[in-house]
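Look at the charged side chains in the model below. The briefing then goes through some of the pairs they form.

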Amino acid sequence: MKILLVEDDERIADALLEDLTDQHYVVEVAHDGQAAWDLVDSFTYDLILLDVMLPKIDGIHLCRRLRTQGCTTPILMLTARDTVSDRVLGLDAGADDYLVKPFDLQELSARIRALMRRGSSPLPPVLEWGELRLDPSTCEVSYENRSLTLSPTEYRLLEFFLRHGRRVFSRAQILEQLWSFDQIPEESTVKAHIRSLRQKLEAAGAPADFIETVYGLGYRLKQKP
């Protein structure tokens with residue numbers, strides 16, 4: 001899952017970046033409202049974590065502007081302002097949730113998962129595909145109750161496919177979703193990670209083509225038995 005973090009305090013941004021990356025999220029950071037607007041205009045995100053007090057465009061105006069332009073990405077506002085009127089202002093601007101600083105990182109993670117389940121196609125807390133189970137709250141993966149040890153990239157890749165069912169994704173689309181814009185590698189990297197992920201799945205008992213190659217188009221999950 002790809003998150004845009006909009007936070008001008010570099011200390012807070014770095015701490016959140018480290019924590020969210022450890023949870024296998026792909027995170028891009030903007031330090032002011034204008035930079036965030038430019039990123040949303042160019043890239044697709046699954047969630048926006050938005051500070052209220054920002055340079056250039058503050059969080060309230062940015063949120064309202066995004067919603068006016070038709071952006072439906074879930075927005076979780078982060079702010080030190082904790083009055084009822086401040087919360088109402090943020091929610092009325094179009095935010096989906098509101099978290100007051102300082103906050104516990106576990107609560108932030110839980111709210112992110114809740115927002116992901118609240119979308120237009122709600123997903124269960126545990127993602128399943130046949131005998132495969134992936135728990136986003138613990139980052140644990142198993143096949144037929146056998147635990148899989150995946151690299152962070154393999155985990156993100158598998159979760160990405162599970163969240164999109166049988167949809168086919170090209171290597172370019174996968175790169176855009178699973179890597180930040182300033183770290184996108186060659187397309188051959190996707191092929192290498194899919195090969196490694198298939199090997200680990202097969203070793204746990206999954207079919208060799210659990211992730212299918214759709215020639216000329218990309219990859220998708222094999223049809224459930």
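Asp32 counts as buried (under 20% relative accessible area, 1.4 Å probe, protein chains only), because its relative accessibility is 14%. Its partner in a salt bridge is Lys56; a salt bridge is a side-chain nitrogen of Lys or Arg within 4 Å of a carboxyl oxygen of Asp or Glu. The model is predicted: local features need pLDDT of at least 70, side-chain atom pairs count only at pLDDT 80 or more, and totals for chains, interfaces and linings use all residues. Residues are numbered from 1 along each chain as its sequence is written, and side-chain values use heavy atoms, with hydrogens and water left out.

**Pairs between distant parts of the chain**
- In the pair of Asp32 and Lys56, the closest N and O atoms are 3.9 Å apart.
- This pair links the loop between strand 2 (26-30) and helix 2 (33-42) to the loop between strand 3 (47-51) and helix 3 (59-68); helices (H or I, at least four residues) and strands (E, at least two) are DSSP runs, numbered from the N terminus.
- Lys56 has 69% relative accessibility and is exposed, the term for values over 50%.
- Lys222 pairs with Asp209 at 3.3 Å between the closest N and O atoms, and the two residues are 13 apart in the chain.

**A pair within one helix**
- Arg111 and Glu107 form a salt bridge with a closest N and O distance of 2.9 Å.
- They are separated by about one helical turn because they lie four residues apart in helix 5 (residues 105-117).

**Count and network**
- The salt bridges number 14.
- Glu7, Asp51 and Lys101 are joined into one network by salt bridges that share partners.
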